[in-house]
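The following report looks at one serine in a loop, then at a hairpin, and finally at a pocket and its lining.

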Amino acid sequence: MAMAATLARRRAAALLSPSSKQLYSGAKYSWILSRGFATGSDENDVVIIGGGPGGYVAAIKAAQLGLKTTCIEKRGTLGGTCLNVGCIPSKALLHSSHMYHEAKNSFAHHGIRVSSVEVDVPAMLAQKDKAVGNLTKGIEGLFKKNKVNYVKGYGKFLSPSEVSVDTIDGGNTTVKGKHIIVATGSDVKSLPGITIDEERIVSSTGALSLKEVPKKLIVIGAGYIGLEMGSVWGRLGSEVIVVEFAGDIVPSMDGEVRKQFQRSLEKQKMKFMLKTKVVSVDTTGSGVKLTLEPAAGGEQTTLEADVVLVSAGRTPFTAGLQLEKIGVETDKVGRILVNERFASNVPGVYAIGDVIPGPMLAHKAEEDGVACVEYIAGKEGHVDYDLVPGVVYTHPEVASVGKTEEQVKTLGVEYRVGKFPLLANSRAKAIDDAEGLVKIIAEKESDKILGVHIMAPNAGELIHEAALALAYGASSEDIARTCHAHPTMSEALKEAAMATFDKPIHI
């Protein structure tokens, strides 16, 4: 098979495809904004409201493209929710809690004898805070390096070219810009009748700073964040019960992988109450009492815990920006409607990341930011939301890119599935960490890969070979005929590809 020529043809077809440029098919604005860059010491070429992954990356890229750039951030530290109270601190705690769990439960299997293992929660939190602090300072350093002006304060629109900023030191200033990008991210979605106090009833933010390990933790919501934070405190000794209104955990996940994932979490003593509704919450006692009932209605029950984590999703943060003052159009949940160039219906005003439709993920926001400023600078940008990887950072991790088997069935596409268990992977067996599988879905006639789903240690790293394969329109045979180093867990992906178009070797 002339794989290079095949890939070249697929690459050309992908670049010529109209869908490759599409970001949000529901946006109704198709006009393209074209404006010259006037000079003037008091006016920016680009102003970004929000210094999270989308905002700070957009600011740096804009400056690299020669645009005079100012970034406004209300928190006082850059990195947004992701760096300050989200992705980074949660991964720090996931790693620390995994190390504790391994020391307590797995070291002996590897011939390592430890007399006693104890949890030092303050030290664990301090390590997390140090990692966050170093990274936020690093972004400020990148701003200085790239000559991005940084304003600390809360910004709101005065006009399509002016932003009023209430600075964190108590003052006020007006920032002017020819192009203004809204990158204010998202906030925790609240539930009716539940007040988050970040002590007994916590959001993901409060769950990152609990002063001690709760004896019993109830997680409301079985999505990525809830399962990750439940894993942290479960490993450290909490009894964790997950209450979910839907019938499945992580509903966006491939069904077969989801079932294996749930069984894995249950083996780790995480309990699930699916198809269950939270009716009310009582905090009058020393703990928290939840009243529950079946999602379809029925007899009510009560459940008590020391801490309740509300993890029912996130909502775009657009309140207080005075979007209505300048006529920016939003949908019913507050997301800003944009065209394929991230432009709103108001000339000169753009939006990226969690405040627009699409996956609410930090890496998606970064790609949005780069593409948006490339368009502003007169270049071409590109983001394919169908190729944004998703990762649950539990252990084992679960990662996916492309379509699930359920989605392929709905489309009516004839397909083949190839699977390979980690139990048959030599590296996984050698390190005694062999729970999981790789699953590949490919179009039957062409063998083009449609989706890849991995449950394995470091699945979040392994998934990017699959993402690149999908981006270039590769077939499962292309991966299968690519030499993979031995022994590595990436060989499980190769074997799954072999199983998709032919037969695997090691099972």
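Ser344 sits in the loop that runs between helix H9 (323-326) and strand S16 (349-351), where helices (H or I, at least four residues) and strands (E, at least two) are DSSP runs numbered from the N terminus. The model is predicted, so that local features need pLDDT of at least 70 and side-chain atom pairs count only at pLDDT 80 or more, while totals for chains, interfaces and linings use all residues. Residues are numbered from 1 along each chain as its sequence is written, and side-chain values use heavy atoms, with hydrogens and water left out.

Ser344 is buried, with a relative accessible area of 0% (buried means under 20%, with a 1.4 Å probe and protein chains only). Its side chain makes these polar contacts (pairs of N or O atoms within 3.5 Å, one able to donate a hydrogen and the other to accept it; residues adjacent in sequence count only if both atoms are side-chain atoms).

| Partner atom of the Ser344 side chain | Distance |
|---|---|
| Val346, backbone nitrogen | 3.1 Å |
| Val349, backbone oxygen | 2.9 Å |

Strand S12 (residues 288-294) pairs with strand S13 (residues 301-305) in the antiparallel sense over five bridges, pairing being called when DSSP finds at least two bridges. Leu292 has Thr301 of S13 as its bridge partner, and in the turn of this hairpin, which has six residues between the strands, Gly297 shows a positive phi of about 95°.

Turning to the lining of the second largest pocket, H4 gives the most, with six residues.

Key:
Buried < 20%, exposed > 50% of the residue type's maximum accessible area, 1.4 Å probe, protein only.
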